[in-house]
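I opened the model today to work through its strands, its helices and its nonpolar cores, in that order. These are my notes as I went along.

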Amino acid sequence: MKKIAIVTLIILLIDQWSKFYIKTHFHLGESIPVMGQDWFRLTFVENPGMAYGLHFGGLIGKYFLVLMRIALIGGMVYLFSQWIKQGRTTNYLLIPMAMIFAGAIGNLIDGMFYGMIFDSGTVYDESIGRWIDYGGISEVSWGNGYSHFMKGCVVDMLHFPLVDWHVPESWPLIGGKHIEFFKYIFNVADSAITIGAALLILFKKKAFPNGLDF
């Protein structure tokens, strides 16, 4: 259990520190290159939904995702307890699962509490059925936030536009189009989930030597 706690705590601290820093130092939509490199940027966006900017269903969809994250975290706590009882303590299993666990908690914190922690943020306007951006830089305002419990948005900032190209107008069919890869903006929690899942797939036989028996 100690390994799980250490990995989870380290990822959560880095994730929440980076989000608090971006939220309180960047304007929404602001983007700066890291060490002068345009292929790695800090770009501040707020995401009401899933990882990598995906969302659906307005507030109902948001509540559903929060409940799904809670169910995932509860399920993982149960699995951890069962595996430890069974003596399944290999790092190939516990560390990637701890990374996924930490990532789920990190984004859950944003969605559940950021609306109460910060004085400004992206809010859902039910009259027009869409999320509304805001101006300025946010400040921490414990208990006097811009929204309510479960109405906060996830803070994303890691942006790797490895290809950012405007196709010349003279090119047939695709002339004038903007091509960007990788266009998604994400955070440390998203990265932990993705890397953890990739490690489980990569080392599946070592993580699950007896197969996927839960």
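I began at the hairpin that E1 and E2 form, where two residues lie between the strands and methionine 35, in the turn, has a positive phi of about 55°. The model is a predicted one, and I kept that in mind for each entry below. Looking along the hairpin, I found that E1 and E2 run antiparallel and are joined by four bridges, and I noted that proline 33 has arginine 41 in E2 as its bridge partner.

Next I followed the sheet outward from the hairpin. Strand E2, residues 37-47, pairs with strand E5, residues 154-159, over five bridges in the antiparallel sense, and in this region I found valine 45 opposite aspartate 156 of E5. The sheet as I traced it is open and has four strands in the order E1-E2-E5-E8, with antiparallel pairing. I then asked which strands stand at the edges. They are E1 (31-34) and E8 (185-186), and because each has a single partner strand, one side of each is left without a neighbour in the sheet.

I turned to the helices and looked up where H1 lies relative to the sheet. Helix H1 lies across E2 and E5, and runs at about 90° to E5. For its packing against another helix, I noted that the axes of H1 (residues 2-25) and H4 (residues 188-202) come within 8 Å and cross at roughly 145°. On the H1 side of this contact I listed Ile11, Ile14, Asp15, Ser18 and Lys19, which meet Val188, Ala189 and Ala192 in H4. Sorted by class, the contact holds five nonpolar, one polar and two charged residues.

My last entries concern the nonpolar cores. The largest has 27 residues, and Phe80, Trp83, Leu93, Met97 and Leu200 are those with the most contacts inside it. At least two residues of this core come from each of H1, H2 (58-85), H3 (91-117) and H4, while H3 supplies the largest share, 12 residues. I picked out methionine 97 and, leaving aside residues up to four places away in sequence, found that it touches Met76, Leu79, Phe80, Trp83 and Leu200. There is also a second, separate core of 16 residues, and I noted Phe40, Tyr134, Leu158 and Phe186 among them.

Technical notes
Residues numbered from 1 in each chain as written. Predicted model: local features only at pLDDT ≥ 70, side-chain atom pairs only at ≥ 80, totals over all residues. Heavy atoms only, no water. Axes fitted to C-alpha atoms, helices over the stretch in contact; angles between N-to-C directions. Contact = heavy atoms within 4.5 Å. Nonpolar A, V, L, I, M, F, W, Y, C, P; charged D, E, K, R; others polar. Pairing = 2+ DSSP bridges. Core = buried A, V, L, I, M, F, W, Y, C linked by side-chain atoms within 4.5 Å. Buried < 20%, exposed > 50% of the residue type's maximum accessible area, 1.4 Å probe, protein only.
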